[in-house]
Number of protein chains: 2
Amino acid sequence: MPWPAKHKQNSKERILQSAIKLFSSRGFDGVSIGDIMRDAELTHGGFYAHFSSKQELYAKVIPVAARKSFRSKVSPESSGKEMVHELIDHYLDSKHVDQSKPPCPLAFLVTDVANREEGVRSAYRKAFNKAASLLDKQMSADFPDSRNKAFALLAMMVGGVAIAHAVDDEELEKSLLEACNAVGASLIE
Amino acid sequence: MPWPAKHKQNSKERILQSAIKLFSSRGFDGVSIGDIMRDAELTHGGFYAHFSSKQELYAKVIPVAARKSFRSKVSPESSGKEMVHELIDHYLDSKHVDQSKPPCPLAFLVTDVANREEGVRSAYRKAFNKAASLLDKQMSADFPDSRNKAFALLAMMVGGVAIAHAVDDEELEKSLLEACNAVGASLIE
DNA sequence: GTCTATAGACAGATAGAC
DNA sequence: GTCTATCTGTCTATAGAC
């Protein structure tokens, strides 16, 4: 084992993890390839041995970040309405807004995605559909209109976190998250 | 009246209107000062006679665009729950998502705002508070928890429109808007 | 695959004529 | 206030050594 610990992960994986972190906090245009490679402890020029463009990396980031974020917010054994409650509670949380928990790209990149190329937008669409299906499935036994509820609930969660992140007032952020949490919970009672 | 019609509005106002249109559709980094000035039929260098920086213009755009957007979505004579219903219906509409109706910066710029300077974020916060207060006030006679409902409803509206704009699938966009519309309406029944 | 170096484009902001 | 011209910095992407 001649290499330092930071090289245990292969380079491509390190670039991807750095990209998740940086894109989620500063958006596509707020991060340069140099920033990402520096964070991954590599040099700028090496980027193109792994990805053909910045947008290709961005598109790859979305599903990986989404899976990581949702996995971190539900326990493996929970299901049904309980799982949805748990997800709402962990999603609409200031620890998520400040990104000390794995950030959901559906919320933190929602506006950012609209201006990018086809591949990025379809990656976003797929991640959204996956999340909506998860919610729909867990609610389908209890509600006939579970698909509508899943869409609306997800929109409220994404909107709540995105607004909370945009706003520069901790009190407002807290009130907003609590309001969405309470109303969201009431939708599945 | 020696000047062409396009000069009826003064330059500053034309710059502001071009900025509303371009920022809403392409975000802060997707638009250059040259783009804005070209759209306003002026030249790049003249910009700084009216605004001291791009971010200052961006901060000024937010309240003006928000007022314009909300005004276009409610009739002057409506009030109470009826007004909220009307607003929900016009907000969660594909004509709003495709920006053929005046776009709401709370939705189209929500992610974009987080990375900017103080003045931009506080402009966003103020516009959000104004919209939330409007909803709260119209619902306060009918609901004891009107503030919570106003926050959650606004988050759902903003999230719904932002996601619909990000996604590259018209069917999904339509389903999402309808779901938010239905669930939003059910919150104020 | 990773590095250094650089090409080539474009941005925000400023200077100074009119 | 508006224009043209330009300064200065940064960006994506590529070339070529190792």
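This dialogue explains how to read several features of a predicted model.

Q: Which residues come nearest to DNA strand D, and how many residues surround it?

A: A strand's surroundings are read from the residues that have a heavy atom within 4 Å of it. DNA strand D is surrounded by 15 residues. The closest are A:Tyr48, A:Lys54, B:Ser11, B:Thr43 and B:His50.

Q: What share of the atoms of DNA strand D within 4 Å of the protein belongs to sugar or phosphate?

A: Sugar or phosphate supplies 61% of these atoms of DNA strand D, and bases supply the rest. By class, the protein surface near the strand has five nonpolar, nine polar and one charged residues.

Q: Where do polar side-chain atoms of A:Tyr48 and A:His44 meet DNA strand D?

A: A polar contact is a pair of N or O atoms within 3.5 Å. For A:Tyr48, a polar side-chain atom lies 3.0 Å from a phosphate oxygen of DNA strand D. For A:His44, the partner is a base nitrogen of DNA strand D, at 3.5 Å. Chain B contributes as well: an N or O atom in the side chain of B:Ser11 is 2.6 Å from a phosphate oxygen of DNA strand D.

Q: Which residues come nearest to DNA strand C?

A: Among the 15 residues around DNA strand C, the nearest are A:Ser11, A:Thr43, A:His50, B:Tyr48 and B:Lys54. Of the atoms of DNA strand C that come within 4 Å of the protein, 62% are from sugar and phosphate. The surface near DNA strand C has five nonpolar, nine polar and one charged residues.

Q: Which atoms of DNA strand C do A:Thr43, B:Tyr48 and B:His44 approach?

A: A:Thr43 uses a backbone N or O atom, which lies 2.7 Å from a phosphate oxygen of DNA strand C. B:Tyr48 places a polar side-chain atom 3.0 Å from a phosphate oxygen of the strand. In B:His44, a side-chain N or O atom is 3.4 Å from a base nitrogen of DNA strand C.

Q: How many aromatic pairs does a search of the whole structure find?

A: A pair of aromatic rings is described by the distance of the centres and the angle of the planes. The search finds 14 aromatic pairs over all chains. One of the pairs is formed by B:Phe23 and B:Tyr58, with 4.9 Å from centre to centre and 85 degrees between the planes, an edge-to-face arrangement. This pair links distant parts of the chain: B:Phe23 is in helix α1 (residues 11–26) of chain B and B:Tyr58 in helix α3 (residues 54–71) of chain B, 35 residues apart.

Q: Are B:Phe23 and B:Tyr58 buried or exposed?

A: Both B:Phe23 and B:Tyr58 are buried. In chain A, one aromatic cluster is formed by A:Phe23, A:Phe28 and A:Tyr58.

Q: Where does the charged end of A:Lys12 sit?

A: The charged end of A:Lys12 sits over the ring of A:Phe51, 5.2 Å from the ring centre. A:Lys54 lies over the face of A:Phe28, at 4.2 Å from the ring centre. A:Phe28 is also a member of the aromatic cluster in chain A, and A:Lys54 is among the residues closest to DNA strand D.

Q: How many salt bridges are there over all chains?

A: The count comes to 16 salt bridges over all chains. In one of them, B:Lys21 and B:Asp39 meet at 3.0 Å, N to O. B:Lys21 lies in helix α1 of chain B and B:Asp39 in helix α2 (residues 33–39) of chain B, so the pair ties together parts that are 18 residues apart in sequence. B:Lys21 is partly exposed at 45% relative accessible area, and B:Asp39 is partly exposed at 32%.

Q: Which parts of chain B does the salt bridge of B:Asp29 and B:Arg116 tie together?

A: The side chains of B:Asp29 and B:Arg116 meet at 3.3 Å, N to O. B:Asp29 lies in the loop between α1 and α2 of chain B, and B:Arg116 in the loop between α7 (110–113) and α8 (118–139) of chain B, so the pair ties together parts that are 87 residues apart in sequence. B:Asp29 is partly exposed at 36% relative accessibility, whereas B:Arg116 is buried at 13%.

Q: What separates B:Lys60 and B:Glu56 in helix α3 of chain B?

A: B:Lys60 and B:Glu56 are four residues apart in helix α3 of chain B, and are therefore separated by about one helical turn. Their side chains form a salt bridge of 2.6 Å, N to O.

Definitions and conventions. Residues numbered from 1 in each chain as written. Chains lettered and ligands numbered in written order. Predicted model: local features only at pLDDT ≥ 70, side-chain atom pairs only at ≥ 80, totals over all residues. Heavy atoms only, no water. Polar contact = N/O pair within 3.5 Å; in protein donor to acceptor, adjacent residues only side chain to side chain. Nonpolar A, V, L, I, M, F, W, Y, C, P; charged D, E, K, R; others polar. Phe/Tyr/Trp six-rings, centres within 6.5 Å; stacked < 30°, edge-to-face > 60°. Helix = DSSP H or I, 4+ residues; strand = E, 2+ residues; numbered from the N terminus. Buried < 20%, exposed > 50% of the residue type's maximum accessible area, 1.4 Å probe, protein only. Lys NZ or Arg CZ within 6 Å of the ring centre and 35° of its normal. Salt bridge = Lys/Arg side-chain N within 4 Å of Asp/Glu carboxyl O.
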